[in-house]
Amino acid sequence: MSEYIIKNGHVFDPVQGIKGDKKDIAVKDGKIVESVGSGAKVIDASGKTVMAGALEIHAHVAGPKVNAGRWYRPEDKHFDSHKKPGITRIEGGKSIPTVFKTGYEYARMGFTFAMEAAMPPLYARHVHEEIHDTPIIDEAALPVFGNNWFILEYLKNQEIENTAAYIAWVLRQTKGYGVKVVNPGGTEAWAWGLNCLTIHDPVPYFEITPAEIVTGLMAANEYLGLPHSMHIHQNDLGNPGNYKTTIDTLKLAEGVKPKNNFGREQVMHSTHIQFHSYKGTNWGDFESGAKEVMEYVNRQKNLTIDTGNVTLDETTTMTADGPFEHHLHGLNHLKWINVDVELETAAGVVPFIYDPDNAVFASQWAVGLEIPLYAKDPMRCFITTDHPNAGPFTRYPRVYAWLMSQKYRNERLNTFKKADKVIGATNLSGLDREITLYELAQMTRAGPARALGLMKDYGGLKPGMNADIAIYNINPDKFPSDGLAIEKAFANVACLFKDGKICVQEGKIADMGHKKTFWVDAKVKENKQVAHDIKEKFLRYYSINENNYSVPESYAPHQHIISVDATQ
Amino acid sequence: MNTVTLTVKNAPELFLECENVNTDAFAGKKADQIAKLGAFQGKEITTLGDYFTITGEAGATAADTKIVINGDCTKMKYIGAKMTAGEVVVNSACDMYTGSWMKGGKLVVNGDVHSFCGLAMAGGEFTINGNAGNYLGAAYRGDWRGMSGGVLRVKGNAGSDVATFMTGGEMIIEGNVDIHLGTHMEGGKIILKGNANRRVGGQLVKGEIYVFGSINVMMPGYKPVRDVELEVDGTKAKFTEYLGDLGERHPKRKGETVYGHLYMKQ
Ligand SMILES: [Zn+2]
């Protein structure tokens with residue numbers, strides 16, 4: 001493999017504490033190294049910003065739910081389907097891009113890893129087929145557990161060891177990465193036409209509460225010592241007054257200690273917290289609860305969050321929170337898909353237009369920006385759009401620009417049709433913080449890498465780490481004052497290295513890289529009870545045979561397996 | 001107003017995507033510049049000059065530009081699509097998306113148009129002096145936003161699923177239509193001079209449909225309420241007024257439920 005030396009760039013690397021100093025980065029055999037020979041190719045990065053490749057911690061980019069969005073929304077790609085010159089394929093779709101466009105667009109923005117945030121175990125093969133076809137970026141997927149019958153039954157009796165053994169089995173069957181929870185208990189209640197809106201609402205039939213599910217899954221996650229923590233989409237998403245339930249859920253992490261060999265420090269990752277930070281009793285008296293939620297998050301060190309920024313676009317909502325999608329459909333009357341995934345989970349899909357003229361949507365936009373602006377520790381607060389729920393991931397450059405320029409976000413805030421109402425209901429107008437390039441590197445690189453248990457190889461530029469490097473056309477000494485210029489720079493890297501190979505040059509895809517699929521193989525003691533229960537459930541309830549459940553290696557031929565041993 | 005004349009010299013082998021054949025794309029350009037505008041044929045990017053002999057030059061703006069197209073355009077899509085002003089006259093039949101997403105100006109097709117024409121039209125005048133296919137003035141596949149403004153007139157017949165999801169504007173069909181006229185309509189006006197097959201105004205929320213001929217099978221969600229004397233597109237006549245679709249949700253205004261209206265000429 002070739003050797004490179006990236007010269008004279010302004011380096012931002014939280015792993016080494018480098019805050020914009022000029023430093024050369026040497027690359028050899030796919031890794032960052034101390035030095036290279038004189039024959040190394042020189043990349044001139046003078047007047048540019050150099051960061052590690054970014055990591056996406058929560059997006060819906062592969063699998064049956066995403067694909068349902070694609071096929072039932074041809075209108076999403078009609079105006080946005082182009083073949084660009086060069087080696088790329090046709091790129092289609094705006095809020096639900098094709099797998100090819102997904103890979104290209106992440107790479108163009110400087111990303112090298114993405115986590116598919118919700119994999120229904122039964123349809124894991126479909127998730128892996130799409131991941132395999134997504135070029136350049138490494139990916140992994142989180143199977144959903146929060147409404148799974150095995151889990152509900154084990155945790156009702158507080159059987160942590162059985163829960164852990166079952167999770168380990170599912171991770172191996174589905175080539176999954178960790179423990180995702182969506183509306184714990186509420187999605188199962190939805191199968192009964194009900195929901196769980198607080199953490200104490202019992203799940204029908206199973207007679208277990210969301211609080212017990214969350215507590216039990218955190219314990220099982222740490223029992224296994226997985227690289228990532230339990231990753232939760234909380235109950236009562238998107239409703240005024242939900243910030244109390246949000247803090248109640250976060251409190252469940254108090255006293256729980258991380259146990260892993262990956263340097264991960266949190267035991268709960270609470271996703272798209274913007275949707276969970278609302279005060280008030282209805283949309284009329286709705287107010288931002290971001291301050292209250294972030295005050296708690298700032299205090300409680302074993303938590304990480306991501307934002308879920310509303311980008312004010314037409315998009316497609318999709319989640320395993322079935323009852324919530326039904327609720328959205330009732331609000332906007334647009335087409336609705338609902339799927340029940342047997343014993344495991346459910347899903348819904350509804351198109352959504354975050355019209356800036358609407359005071360509620362504009363306020364959600366403001367709440368989303370308040371979250372990172374209130375975050376005291378950028379290593380625990382990550383930027384997402386819960387793609388495509390709050391907006392397409394391709395809007396990250398705009399979200400960064402709003403966060404990095406008070407002028408830019410105030411221009412937006414003050415020109416809303418209902419600006420007075422939005423300013424009155426939120427705190428954003430009083431926040432003058434501007435996220436720095438170093439903080440951005442924490443929020444999009446080092447932070448998510450640590451939270452995902454990938455800090456050994458990802459999120460930094462230290463010798464020995466993966467040569468995943470993004471170079472942006474941003475001179476920190478002359479940081480653009482114009483928001484659009486910031487957007488433009490983050491939308492198209494000057495250069496992206498993936499595993500030491502140049503994959504993007506001046507926004508153009510130059511190489512498809514060698515993408516890898518990450519999954520976690522957790523070894524547990526032999527568990528006859530769980531083995532018996534699995535056999536029993538497949539015989540009695542599943543529509544398929546147990547032997548047809550697992551994801552064969554041919555579905556993830558470029559796999560990277562992270563092993564953990566919980567037999568001790 | 002300046003006129004640009006396009007004459008077909010080479011018929012495309014596949015279908016040609018004429019997304020650049022409109023007054024907005026031509027505005028401010030001379031013939032040689034227009035000839036360089038891109039046009040997809042399948043996955044290949046070709047230019048308009050590969051297919052047309054181009055004479056004349058465009059005005060400074062779309063409003064000052066008239067385009068006349070001669071020759072066989074039956075394998076050309078998107079002519080006049082998204083135009084905002086000016087005039088386009090096509091002396092041929094056209095393929096899909098002709099006049100779709102049009103916002104203003106005048107488009108005249110002296111021939112038939114295929115399906116999916118005038119989709120989500122928002123303004124201007126679109127006249128088809130032949131027949132139209134299916135989904136005329138409807139929403140794009142999957143979309144819920146159909147024709148919202150302007151006037152679309154067909155001198156001949158139209159197919160099925162005409163004016164689906166219409167929310168505004170006026171459509172006049174001087175001939176007949178097949179099934180599904182004005183499905184999911186939520187505003188606007190349809191005048192049908194001929195006959196309709198079945199399912200007129202299914203799931204209609206708001207808006208008006210006038211039928212001069214007959215409807216083969218009436219939807220069950222329509223209730224006759226009264227007789228009215230009306231002048232519709234220059235014709236004075238007595239109509240029976242129906243409310244509907246009673247099976248669909250309806251908004252309320254000042255405490256009163258707003259229904260859609262279907263008028264059948266007596
Ligand atoms: Zn999500």
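User: Why is A:Glu295 called partly exposed?

Analyst: This is a predicted model, and in it A:Glu295 has a relative accessibility of 42%. Buried means under 20% and exposed means over 50%, so 42% falls in between and A:Glu295 counts as partly exposed.

User: What makes A:Lys291 and A:Glu295 a salt bridge?

Analyst: Their side chains meet with N and O 3.7 Å apart. The cut-off is within 4 Å, so the pair qualifies. Both residues sit in helix α10 (residues 290-299) of chain A, 4 residues apart, or about one turn of the helix. A:Lys291 is partly exposed too, at 38%.

User: How do you know that A:Arg395 and A:Asp313 form a salt bridge?

Analyst: Their closest N and O atoms are 2.8 Å apart, and the rule asks for within 4 Å, so they pass. A:Arg395 is in the loop between β20 and α13 of chain A, while A:Asp313 is in the loop between β16 and β17, so the pair ties together parts that are 82 residues apart in sequence.

User: And A:Asp313, buried or exposed?

Analyst: Buried: its relative accessible area is 8%, and the limit for that word is under 20%. A:Arg395, at 22%, is partly exposed.

User: What makes B:Lys77 and B:Asp95 count as buried?

Analyst: B:Lys77 has a relative accessible area of 11% and B:Asp95 has 3%. Buried means under 20%, so both fit the word. Their side chains also meet in a salt bridge, at 3.0 Å from N to O.

User: Why are α5(A) and α8(A) called roughly perpendicular?

Analyst: The axes of helix α5 (residues 149-156) and helix α8 (residues 210-224) of chain A come within 10 Å and cross at roughly 90 degrees. The range for roughly perpendicular is 65 to 115 degrees, so the name fits. On the α5(A) side the contact is made by A:Ile151, A:Leu152 and A:Leu155, and on the α8(A) side by A:Glu212, A:Ile213, A:Gly216 and A:Leu217. By class, that gives 5 nonpolar, 1 polar and 1 charged residues.

User: Which residues coordinate the zinc ion, and how do you know that they are donors?

Analyst: They are A:His58 (NE2), A:His60 (NE2) and A:Asp386 (OD), at 2.1 Å. A donor here is an N, O or S atom within 2.8 Å of the metal, so these atoms qualify. A:His58 lies in strand β6 and A:Asp386 in the loop between β20 and α13, 328 residues apart. Both A:His58 and A:Asp386 are buried.

Technical notes: Residues are numbered from 1 along each chain as its sequence is written. Chains are lettered from A and ligands numbered from 1 in the order in which they are written. This is a predicted model: local features need pLDDT of at least 70, side-chain atom pairs count only at pLDDT 80 or more; totals for chains, interfaces and linings use all residues. Side-chain values use heavy atoms; hydrogens and water are left out. Donors are N, O and S atoms within 2.8 Å of the metal (3.2 Å for Na, K and Ca); water is not among the atoms, so sites may look incomplete. Helices (H or I, at least four residues) and strands (E, at least two) are DSSP runs, numbered from the N terminus. Buried means under 20% relative accessible area, exposed over 50%, partly exposed in between (1.4 Å probe, protein chains only). Axes are lines fitted to C-alpha atoms, for helices over the stretch in contact, and angles run from 0 to 180 degrees between N-to-C directions. Angles under 35 degrees count as roughly parallel, over 145 as roughly antiparallel, 65 to 115 as roughly perpendicular and the rest as oblique. Contact means heavy atoms within 4.5 Å. Ala, Val, Leu, Ile, Met, Phe, Trp, Tyr, Cys and Pro count as nonpolar, Asp, Glu, Lys and Arg as charged, and the others, Gly among them, as polar.
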